[in-house]
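Trainee: Before I trust the labels people put on a model, I'd like to see where they come from. Can we go through some together?

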Amino acid sequence: MTIEDLERSAEQIRASDLIDIESGQISREIFVDDRIHKMELENLFPRAWLFVGHASQVPNAGDFFSSWMGSDPVLMTRDDKGEVFVLLNSCRHRGMRVSRYDEGNTMQFTCPYHAWSYSIDGSLVDVPGDLHGVPHMKSAYQGMLDKAKWGLVRCPRVHNYKGLIFATWDPEAPDFEEYAGEFHWWLDNLTDAFDGTEGETEVFRGVMKWRIKSNWKFVSENFLGDTYHGASTHASVEAVGIGPGGRGKRRHGERQNQGGFSKGRMKTSFRLGHGASDNLAYELPYPEFAEPELTEYFDAAWAKRAEKLRAEGRPLGGRGPATMFPNMSFSAGFPRTILVAHPISATETEVWRWFIVDKSAPDHVREWLRQYYMRYAGPGGMTEQDDMENWDYATQASTGVVARRFPYNYQQGLGREQLSELPGAVHSDHAIAGEVNARAFYRRWSEFVDNLDWPELTRRASVDDRVDAIIGREAAEA
Amino acid sequence: MTATQEGTTEMTSPTPMERMALHYEISDFLFREADLLDERRYTEWLDLLADDYQYSVPMRMNVKYDDVARLEQTREGAEVCWFDEPKDTVEMRVTQLETGVHWAEEPVSRVSHLVTNIRLDEISLPEVEVSCRFLVYRNRVADETDFLVGRRRDRLRRVGDDWQVCRRTLLLDQSVLLAKNLSIFV
């Protein structure tokens with residue numbers, strides 16, 4: 001085989017060939033192969049809407065937070081007019097990262113290499129991120145350097161959804177609302193206060209960041225709707241009882257009369273790739289706490305929320321865990337937290353976790369939640385520790401030449417999907433074991449990775465062929 | 001006779017010999033405690049923690065020079081830390097480690113706690129404020145190896161003939177944690 005043959009065969013890799021949704025089989029190559037990873041970085045991450053950070057991390061003019069969008073470092077900034085921007089964190093002259101700080105406050109990013117400086121002060125430049133100062137401007141460039149053309153690369157599309165800052169590099173991408181679709185109900189529960197007050201949440205200071213030797217999709221898939229792993233993976237933490245009810249009670253704080261974590265908890269799978277491990281009809285009241293005053297506080301919040309949402313005709317369910325395509329996962333209940341799986345390589349991921357709290361939460365509620373979040377989630381969290389063991393060693397044991405020949409099995413609930421009242425969505429037929437969400441996620445994933453254009457991506461998502469299949473199946477059964 | 005054996009009186013100006021004796025005794029205590037952890041003798045180890053024990057590992061951030069004192073680490077008691085918890089939560093972790101189905105530590109990791117640079121910062125018996133450096137080495141399965149290194153402050157309390165740890169704060173020298181998890185006590 002010649003180099004040309006190799007290159008030609010490399011060009012012929014199609015993600016859709018590695019995904020067999022009909023039979024519920026997915027090739028291991030998509031979790032370990034470097035070429036697939038490169039296709040993801042080129043075709044998926046620069047085109048999808050990605051979660052960058054929370055607006056409460058940059059409350060004041062000049063505040064910035066350093067983040068990543070796929071393979072690119074970015075700065076989330078707030079200008080003197082209060083608007084949030086996302087800028088590529090790389091000098092236009094020689095590419096140096098203009099800021100290596102995780103967060104801070106400045107009205108100007110000055111590159112250490114040659115001191116090109118970029119202002120986010122609207123009184124000095126037209127648009128935040130524009131080039132402001134260039135050493136030897138007159139003598140080296142005869143004053144001819146077009147500063148307006150050489151500002152920090154600005155992300156063209158930024159959307160603030162109740163404090164969640166999303167961005168995409170693709171000017172052709174649909175609006176955020178269209179990208180999220182009906183999945184927004186889960187984002188609402190994430191961002192609205194526990195008493196239903198819209199958008200009245202913020203993040204605790206301190207984003208957990210850690211490296212794992214796993215493909216990023218293991219992380220997205222885990223929160224997308226994989227409740228099947230809980231009983232085995234999290235047996236040890238469940239035996240301890242770290243939740244609101246104290247020792248011997250469930251870690252998520254379900255009340256005993258709720259029938260546990262699973263009853264009625266059919267999953268919701270969106271043709272757009274998003275997925276949630278529950279549904280909007282599944283109303284899970286706030287927990288009963290070991291401390292009566294906390295139960296009282298949350299009971300009052302639940303009552304206020306239920307009254308408000310019912311009056312507005314809004315559903316009470318939808319707390320996740322859930323994943324918004326491609327790599328933002330979250331839980332909107334207990335705990336309430338956002339995760340992003342940043343791709344580093346095919347077999348390495350940097351995981352970030354933010355923790356959400358009501359702006360109006362009294363000190364004792366805030367402190368209880370903070371401690372609960374830390375003992376639950378993140379690398380020190382008694383739940384999440386065991387997830388990383390799985391993701392890392394699943395990745396490792398899938399890299400072998402022989403292992404790669406054998407696909408993973410995604411056949412749970414195959415051909416047994418259920419209709420949903422939500423357009424563009426179906427449900428699993430089983431509360432715990434259902435892989436319909438993952439099948440839809442990887443189908444959407446392959447459409448992006450194969451670089452289908454936006455008209456085609458939009459067309460494919462506009463008709464959920466799974467709905468027709470369910471109707472056909474039900475007619476045949478009748 | 002050393003001042004420590006005199007019990008509750010404040011050692012306002014210990015003699016060099018008294019200080020050396022106390023330093024030796026406390027060092028030996030910390031080494032013994034590390035041995036108990038590394039040998040996974042958790043029940044005995046928990047006995048060395050006071051009931052009001054507080055375990056904190058703030059997160060570290062890259063911030064500007066001028067902001068280091070104020071913002072370089074997350075605040076215990078208010079912001080997100082790797083750990084910031086009372087003894088009760090530490091006991092939960094021990095319970096989890098002893099289930100035999102805690103997959104992050106099954107098979108168990110090989111762990112060595114190295115404690116060094118020990119200094120007695122403040123002696124006000126029955127309590128002593130100790131600063132030291134830690135190097136926690138973990139190896140598990142085959143090639144999975146973590147080095148957790150940083151500064152540590154312990155507040156020890158004289159209880160009978162022995163000591164107990166009542167406050168432990170560790171500053172890990174990493175901003176992005178390079179270990180996949182913290183399923184061991186740092």
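What follows is a talk about labels and the definitions behind them.

Mentor: First, the ground rules: this is a predicted model, where local features need pLDDT of at least 70, side-chain atom pairs count only at pLDDT 80 or more, and totals for chains, interfaces and linings use all residues. Residues are numbered from 1 along each chain as its sequence is written, chains are lettered from A and ligands numbered from 1 in the order in which they are written, and side-chain values use heavy atoms, with hydrogens and water left out.

Trainee: Okay, helices. Why are α3(A) and α13(A) called roughly perpendicular to each other?

Mentor: Helix α3 of chain A covers residues 34-44 and helix α13 of chain A residues 436-449, and their axes cross at roughly 80 degrees and come within 8 Å. Helices here are DSSP runs of H or I with at least four residues, strands are runs of E with at least two, and both are numbered from the N terminus. Axes are lines fitted to C-alpha atoms, for helices over the stretch in contact, with angles from 0 to 180 degrees between N-to-C directions. Under 35 degrees counts as roughly parallel, over 145 as roughly antiparallel, 65 to 115 as roughly perpendicular and the rest as oblique. The pair therefore earns the name roughly perpendicular.

Trainee: And which residues of α3(A) and α13(A) meet?

Mentor: Contact means heavy atoms within 4.5 Å. From α3(A) come I36(A), M39(A), E40(A), N43(A) and L44(A), and from α13(A) W445(A), F448(A) and V449(A). By class, that contact has six nonpolar, one polar and one charged residues. (Nonpolar is Ala, Val, Leu, Ile, Met, Phe, Trp, Tyr, Cys and Pro; charged is Asp, Glu, Lys and Arg; the others, Gly among them, are polar.)

Trainee: Why does A377(A) count as buried?

Mentor: Buried means under 20% relative accessible area, exposed over 50%, and partly exposed in between, using a 1.4 Å probe and protein chains only. A377(A) has 2% relative accessibility, so it counts as buried. It sits in the loop between α11 (363-376) and α12 (384-396) of chain A. Beyond four places in sequence, A377(A) is in contact with M208(A), R353(A), F355(A) and E384(A).

Trainee: What makes helix α4 of chain B largely enclosed by the rest of the structure?

Mentor: Eight of the 11 residues of α4(B), which spans 87-97, are buried, so that description follows. Among the buried ones are K87(B), R93(B) and L97(B). The buried residues of α4(B) pack against α9 (235-240), α11 and α12 of chain A, together with α2 (42-47), β1 and β2 of chain B. Strand β1 of chain B (residues 49-58) is also largely enclosed, because seven of its 10 residues are buried.

Trainee: How do you know that β1(B) and strand β2 of chain B pair?

Mentor: Two strands pair if DSSP finds at least two bridges between them. β1(B) and β2(B) (residues 81-86) have five, in the antiparallel sense, and four bridges join β1(B) to β6(B) (residues 162-172), which run parallel. Y55(B) stands opposite E85(B) in β2(B) and opposite R168(B) in β6(B).

Trainee: What makes β8 and β10 of chain A edge strands?

Mentor: The open sheet has the order β8-β9-β10 in chain A, with antiparallel pairing. β8 (108-110) and β10 (130-133) each have a single partner strand, so one side of each is left without a neighbour in the sheet. The twist there averages 35 degrees from one strand to the next. β9(A) (residues 117-119) pairs with β10(A) over three bridges, and S119(A) has D130(A) as its bridge partner.

Trainee: Which strands are at the edges of the β3-β12-β11 sheet of chain A?

Mentor: That open sheet of three strands is antiparallel too, and its edge strands are β3 (50-54) and β11 (157-161), each pairing on one side only. Four bridges join β3(A) to β12(A) (residues 164-168), with F51(A) opposite F166(A).

Trainee: What makes a set of residues a nonpolar core?

Mentor: Its members are buried Ala, Val, Leu, Ile, Met, Phe, Trp, Tyr and Cys residues joined through side-chain atoms within 4.5 Å. The largest one has 159 residues, and those with the most contacts inside it include F166(A), W445(A) and W45(B). A second, separate core of 15 residues includes F64(A), L87(A), C91(A) and L131(A).
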